[in-house]
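User: Could you walk me through the aromatic side chains here, and then a patch on the surface?

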Amino acid sequence: MGIVGFVVIAKKLNFKGGKKMKSKIINTKKEARHFAQEWQSWQSRRNMSYAEIIKWSTYFAILAKKFDLTNEFIENGII
């Protein structure tokens, strides 16, 4: 890659559920998968607006592209 570890930072977003999904630095494919699994569990307990869903979908689409996880994220309903 040319850079030591690929760094992706998730933005802190306020959601109606009261709790924030905390920022996380993603350096590996394994960490990207784990963060997506945590997010999927977290968001399943929330009432999200379309705008919030679009923000997160865009974030995970970028993350998937960087770590070559696009097909996996689509199959698992992340994006």
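**Aromatic contacts and a surface patch**

Analyst: Let's start with Trp56, which counts as buried because its relative accessibility is 1% (buried is under 20% relative accessible area, exposed over 50%, partly exposed in between, with a 1.4 Å probe and protein chains only). This is a predicted model, where local features need pLDDT of at least 70 and side-chain atom pairs pLDDT 80 or more, while totals for chains, interfaces and linings use all residues. Residues are numbered from 1 along each chain as its sequence is written, and side-chain values use heavy atoms, leaving out hydrogens and water.

User: Which kind of aromatic pair do Phe35 and Tyr59 form?

Analyst: Rings of Phe, Tyr and Trp (its six-membered ring) pair if their centres lie within 6.5 Å; planes under 30 degrees apart are stacked, over 60 edge-to-face, the rest tilted. Here the centres are 6.1 Å apart and the planes at 85°. The pair of Phe35 and Tyr59 is therefore edge-to-face.

User: Why is the pair of Trp56 and Tyr59 classed as it is?

Analyst: Tyr59 is buried too, at 12% relative accessibility. The ring centres of Trp56 and Tyr59 are 5.8 Å apart and their planes stand at 90°, so this pair is edge-to-face.

User: Is Ile54 buried or exposed?

Analyst: Ile54 joins Tyr50 and Ile53 in a nonpolar surface patch of about 370 Å². Patch residues have over 30% relative accessible area and no salt bridge (a Lys or Arg side-chain nitrogen within 4 Å of an Asp or Glu carboxyl oxygen), with nonpolar side chains joined within 5 Å and like charges within 9 Å. With a relative accessible area of 54%, Ile54 is exposed.

Notes:
Areas by Shrake-Rupley, 256 points an atom, 1.4 Å probe, with all protein chains shown as cover.
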